[in-house]
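Work through these short exercises with the structure open beside you. Try each task before you read its solution.

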Amino acid sequence: MSLDNDDVRQIAHLARLAVDDQRLPEHASNLSAILEFVEAMSAVDTSNVDPLAHPLEMRQRLRADEVSEDNQRELFQGIAPAVEDGLYLVPRVIE
Amino acid sequence: MSIHTSTVAELSTALARGDHSSRELTEVFLERIQGQGAALNAVITVTAEQALAAADAADRSRAAGEAGPLTGVPMVHKDIFCTRGVRTSCGSRMLDNFISPYNAHVVDRLAAAGMVCMGKANMDEFAMGSSNETSFYGPVKNPWDTAAVPGGSSGGSAAAVSGGLAPAATGTDTGGSIRQPAALCGITGLKPTYGRVSRYGMIAFASSLDQAGPMARTAEDCALLLEAMAGFDARDSTCVERDVPRYSQALGGDLKGVTIGLPKEYFGEGLDPTVASAIDAAIAEYRKLGAEFREISLANTHLAVPAYYVIAPAECSSNLSRFDGVRFGHRCDSPRDLEDLYKRSRGEGFGDEVQRRIMVGTYALSAGYYDAYYLKAQQVRRLIRDDFLQAFEDVDLILGPTSPTAAFNIGERSDDPVSMYLSDIYTIAVNLAGLPGISVPAGFADGRPVGLQLIGNYFDEARLLNAAHAYQQVTDWHTRVPEAFA
């Protein structure tokens, strides 16, 4: 699988990464090399193999739906880039 | 006995006998970190004041008769573990300003055991790398040869122990990140079974593979550390509810009748001949100890690195989506709109390798490619796991090299991601299968350490540690110290 500059631009957009246009060819070449490398998997027939998501195949442990955490808003917002009145600030979304 | 080359067990004995106080030990190691050891760039945050206060507290609890085996022993944490009130950078510009509001479970456990944390160890950015060259804080140097990499991603932890800056360190291992740097720096490093140690507060890279473990000079030290680190924690939903054996009490058993498998795929093309002869010599030692060897096949070994480089990036692209410049971490200047805020904060905050893996993962999970990449990789993952299950029907342990070569030079592989990835060819399958593995010093290749890897069955850390300990009773590779840091 070989990726071109437009593919990288689209992937970077999906990943919300600002990528310098000048570096698109370098990324395209590195990503293509990685995808070509993982292509080795296609040589093995896995049509009857179940995917393995958890190495021990354990079920997710559930807990009762009860409040288990204290509200620590001030502590957590103390390290935020921009807050006001207990809210996180971002650029205006709706004009 | 000089303090900075001592093992955790030796320091524990010295503290118990009253030969030294924890304050004395902590001062010696802090001096090493800030003096001679600074050139290694292994420790990126030093918490001297907190360390001395913790050392004094440890001395007081010893005086009160409340000391355990680790009380007062200094150590450093890989900077992937959240430490309350202390910068937790994960080796990234993204978290250069992140002062963690809470402690990782492992940090709390080791503090509760009385250990003295002296600071945070350098690492590959978000644990993505095999050479510690992707750190925002610059590369770590290998104490055996400062032109060489220490391995990665727990490169700072490995170099700190090897260089005598700390007798022990924590590490994390997603594809070899404890075992490979342990091998390249000539120390002992254990990756436990997936789920053995809580991942709470350990910054996530690939959640189905990540596992924390100890790094120290000896298997005995790793046993002492794992005893304190392991155990159930409800805050990590994959942490296993299972008793923690007294690993350190299980050492010393003989190896007569223990069957060790040699996977033929781990001794083939790509293995450096000097590394191969060191491993052959280790096999001869194990035979003398009474172990029996059997050739086995892990037939899908060649697919482990490809499967990993789909699964790990896919999980990383999802995990790292939380770094968005909104709630914590790096935020770009004067964002035009929300999308610009996300994109530039992430583009500026993440380094090249992290961006590369996020993009590979994003691609592998995107519409139309999911089956061909992610699903396929998970199917291959089962084949790899099944190879191990089958092998463990016939053998107790599996043995081979930890890494195909000794440490390479700084800069040698940094322009070629795929050649870097192949450095983990013998370690990665163990993570995909979720098994425990340990790397033990086993010799040298041109003056650089060689590591021997032992792989155990699920939750068989006690047997693994015992086998590593038995080897260290009849060899002295683990006692060698690099001349420049002796």
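**Exercise 1.** Is A:Phe76 buried, partly exposed or exposed?

*Solution.* Keep in mind that this is a predicted model. Step one: take the relative accessibility of A:Phe76, which is 34%. Step two: recall that under 20% is buried and over 50% is exposed, with partly exposed in between. Step three: A:Phe76 therefore counts as partly exposed, at 34%.

**Exercise 2.** Place A:Phe76 in its chain, then list its contacts beyond the neighbours within four places in sequence.

*Solution.* Start with the element: A:Phe76 is found in helix α3 of chain A, residues 73–77. Now leave aside the neighbours within four places in sequence. A:Phe76 is then in contact with A:Tyr88, B:Pro101 and B:Arg327. Finish with a distance. A:Phe76 and A:Arg92 are 16 residues apart in sequence, and their C-alpha atoms are 22 Å apart in space.

**Exercise 3.** Which residues make the nonpolar surface patch of about 310 Å²?

*Solution.* Step one: name the members. They are A:Leu75, A:Phe76, A:Val83 and A:Tyr88. Step two: locate one of them. A:Val83 lies in strand β1 of chain A, residues 83–84. Step three: check the accessibility of A:Val83. The value is 35%, so A:Val83 counts as partly exposed.

**Exercise 4.** How many aromatic pairs does the structure hold over all chains? Describe two of them.

*Solution.* The total is 17 over all chains. Take B:Phe136 and B:Tyr137 to begin. Their centres are 5.1 Å apart and their planes meet at 75°, an edge-to-face pair. Edge-to-face needs an angle over 60 degrees. Next, check burial in this pair. B:Phe136 is partly exposed, with a relative accessible area of 42%. B:Tyr137 is buried, because its relative accessible area is 19%.

Now take B:Tyr266 and B:Tyr426. The centre-to-centre distance is 5.1 Å, but the planes are 35° apart, and this pair is tilted. B:Tyr266 lies in the loop between β7 and α8 of chain B, and B:Tyr426 in the loop between α13 and α14, so the pair ties together parts that are 160 residues apart in sequence. Both B:Tyr266 and B:Tyr426 are buried.

**Exercise 5.** Find the aromatic cluster that includes B:Phe98, then find two arginines that sit over rings.

*Solution.* Cluster: B:Phe98 is joined by B:Phe126, B:Phe323, B:Phe328 and B:Phe350. One arginine is B:Arg235. Its charged end sits over the ring of B:Tyr200, 3.8 Å from the ring centre. Another is B:Arg413. It lies over the face of B:Phe408, at 4.1 Å from the ring centre.

**Exercise 6.** Which residues does the cis peptide bond with omega of about 10° join? Where do A:Asp85 and B:Asn41, with their positive phi, lie?

*Solution.* Begin with the peptide bond. It joins B:Gly152 and B:Ser153. B:Ser153 is found in the loop between β3 (116–121) and α5 (155–162) of chain B.

Move to phi. A:Asp85 is not a glycine, yet its phi is positive, at about 50°. A:Asp85 lies in the loop between β1 and β2 of chain A. A:Asp85 is also exposed, with a relative accessible area of 71%.

B:Asn41 is not a glycine either, and its phi is about 60°. B:Asn41 is found in the loop between α2 (22–34) and β1 (43–46) of chain B.

Conventions: Residues numbered from 1 in each chain as written. Chains lettered and ligands numbered in written order. Predicted model: local features only at pLDDT ≥ 70, side-chain atom pairs only at ≥ 80, totals over all residues. Heavy atoms only, no water. Phe/Tyr/Trp six-rings, centres within 6.5 Å; stacked < 30°, edge-to-face > 60°. Buried < 20%, exposed > 50% of the residue type's maximum accessible area, 1.4 Å probe, protein only. Helix = DSSP H or I, 4+ residues; strand = E, 2+ residues; numbered from the N terminus. Lys NZ or Arg CZ within 6 Å of the ring centre and 35° of its normal. Patch = residues over 30% accessible without salt bridge, like charges linked within 9 Å, V, L, I, M, F, W, Y side chains within 5 Å. Areas by Shrake-Rupley, 256 points an atom, 1.4 Å probe, with all protein chains shown as cover. Salt bridge = Lys/Arg side-chain N within 4 Å of Asp/Glu carboxyl O. Contact = heavy atoms within 4.5 Å.
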